[in-house]
Amino acid sequence: MDSAAAAAAGGRNASGSPGPNGTVSGAGGSGGSGGAGGHEPQGSSAILISFIYSVVCLVGLCGNSMVIYVILRYAKMKTATNIYILNLAIADELLMLSVPFLVTSTLLRHWPFGSLLCRLVLSVDAVNMFTSIYCLTVLSVDRYIAVVHPIKASRYRRPTVAKMVNLAVWGLAIVIILPIIIFSKTEANTDGTVACNMMMPEPKQQWLVVFVVYTFLMGFLLPVVAISLCYILIIAKMRMVALKAGWQQRKRSERKITLMVMMVVMVFVICWMPFYVVQLVNLFVEPDDATISQLSVILGYANSCANPILYGFLSDNFKRSFQRLLCLSWMDNAAEEPVDYYATAIKSRAYSVEDFPPDNFGESGSTYRNGTCTSRITTL
């Protein structure tokens, strides 16, 4: 599998079969030796596909811009979980920026932007694809730590730690997509048009199979397995401790946040699985029509505009922040400042008075009430 942009902007075959000179051709443009042949969207199909790309791009840019703004704007939105969501929104935003190039190449059946932009667009598209799934993996691990290890969570679930993890995610994604950076370039077709593809070295077919399996494992299967393991452990933990003292105060807020992340992961799998399936199938079967490949690419890109919608429906904090941003706070009677559920859960933990001598109460910033010491410390 090459990147989604290559699958949309490339050549004769539907992203997966090698074109002439060892190119990994996509599904959208006039590539390979087929030129404007029968393997491409034709006429009205190309216009319809370009229109859908444009709608996805517009919604994705607007939605992810809102997510980025509200997290940066409101102090109480800067929790560790939201820092990871911010990274995911940035990746989705950058992914959307490659869509105008795909629309143009789909309509023209030709790559008119030159070799440098070809390599840049395919590389940026690929790094953001991998960053998105790794962000979801990190979010799932964050949920695992918050639910399964709540006492230790304050050590790891901090904005500073989240920022460092985000940088590591980007670095890992760049390393993994190095083959795309190296092999992406333009190639002239027999009909005079230009295709933006990946030029695989000899032996071409073997390299192609290795590359498809490599990207499928690193960009989909292994992260999804890790995410699934996290949620299996989370569900087991929630069933074990549901009736324990102190859990009820945290149960509702943690469940809502966990549900939101789970839904985001599920939508990602639903949107991107067809794309990866098409890449694997195209290794062995040459498609007669690029429409299926194009639709799988569009569905993958649509995931980037679905995430902000999920946040708005499943998170009270994001819902309030979006309403404030859009001047719609009158729609919610409880339009107060966004709530930091995790900080609330930490503050609600009651400790024995023997653990906190009265002399230290003033120094620790804690309040003594009814034989308990309630911490005022807010751990984001």
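Is W272 buried or exposed? In this predicted model, W272 has a relative accessibility of 3% and therefore counts as buried, and the residue serves here as an entry point to the aromatic side chains of the chain, which are described after its overall composition.

The chain contains 14 helices and six strands. Of its 380 residues, 51% are buried, while the area that the chain exposes comes to about 16800 Å², with carbon and sulfur atoms supplying 69% of that area. Among contacts with a separation of 6 or more, 71% are made by residues 24 or more positions apart.

A total of 15 aromatic pairs was counted. One of these is formed by F268 and W272, whose ring centres are 6.3 Å apart and whose planes meet at 40°, so that the pair is classed as tilted. Both residues belong to helix α10, which spans residues 247-281, and they are four residues apart, or about one turn of the helix. F268, like W272, is buried, with a relative accessibility of 3%. W272 also pairs with F275: the centres of these two rings lie 5.4 Å apart and their planes stand at 85°, so this pair is edge-to-face. W272 and F275 are three residues apart in helix α10, a separation of about one helical turn, and F275 is buried at a relative accessible area of 0%. F268, W272 and F275 are part of one aromatic cluster that also includes F216, F220 and Y276.

Nonpolar side chains also appear at the surface. L48, F51, V55, V59, I309 and F313 make a nonpolar surface patch of about 620 Å², to which helices α2 (44-73) and α11 (291-314) each supply at least two residues. The greatest contribution comes from α2, which gives four residues to the patch. I309, a member of the patch, lies in helix α11 and counts as partly exposed, with a relative accessibility of 44%.

With respect to the cysteines, one disulfide was counted. The disulfide is formed by C118 and C196, with their sulfur atoms 2.0 Å apart, and the torsion about its S-S bond is about 90°, so the disulfide is right-handed. C118 is located in helix α5 (residues 114-148) and C196 in strand β3 (residues 194-199), so the bond ties together parts of the chain that are 78 residues apart in sequence. Both ends of this link are buried, since C118 has a relative accessible area of 0% and C196 has a relative accessibility of 0%. C62, in contrast, takes part in no disulfide, and the nearest cysteine sulfur, which belongs to C57, is 9.0 Å away. C62 is partly exposed, with a relative accessible area of 43%, whereas C135 is buried, with a relative accessible area of 2%.

Three salt bridges were counted in the model. In one of them the side chains of D142 and R143 meet at 3.9 Å, N to O; the relative accessible area of D142 is 5%, so this residue is buried, and R143 is likewise buried, at 1%. D142 forms a salt bridge with R157 as well, at an N to O distance of 2.8 Å. Because D142 lies in helix α5 and R157 in the loop between α6 (153-156) and α7 (159-176), this pair ties together parts that are 15 residues apart in sequence. R157 is also buried, with a relative accessibility of 3%. The remaining salt bridge joins the side chains of K204 and E202, for which the computed N to O distance is 1.6 Å. K204 is partly exposed, with a relative accessible area of 23%, and E202, at 56% relative accessibility, counts as exposed. Through shared partners, the salt bridges join D142, R143 and R157 into one network.

Methods: Residues are numbered from 1 along each chain as its sequence is written. This is a predicted model: local features need pLDDT of at least 70, side-chain atom pairs count only at pLDDT 80 or more; totals for chains, interfaces and linings use all residues. Side-chain values use heavy atoms; hydrogens and water are left out. Rings of Phe, Tyr and Trp (its six-membered ring) pair if their centres lie within 6.5 Å; planes under 30 degrees apart count as stacked, over 60 as edge-to-face and the rest as tilted. Buried means under 20% relative accessible area, exposed over 50%, partly exposed in between (1.4 Å probe, protein chains only). Patches are made of residues with over 30% relative accessible area and no salt bridge: like charges are joined within 9 Å, nonpolar side chains (Val, Leu, Ile, Met, Phe, Trp, Tyr) within 5 Å. Accessible areas come from the Shrake-Rupley method with a 1.4 Å probe; for residues, only the protein chains shown count as cover. A salt bridge is a side-chain nitrogen of Lys or Arg within 4 Å of a carboxyl oxygen of Asp or Glu. Contact means heavy atoms within 4.5 Å. A disulfide is a pair of cysteine sulfur atoms within 2.5 Å.
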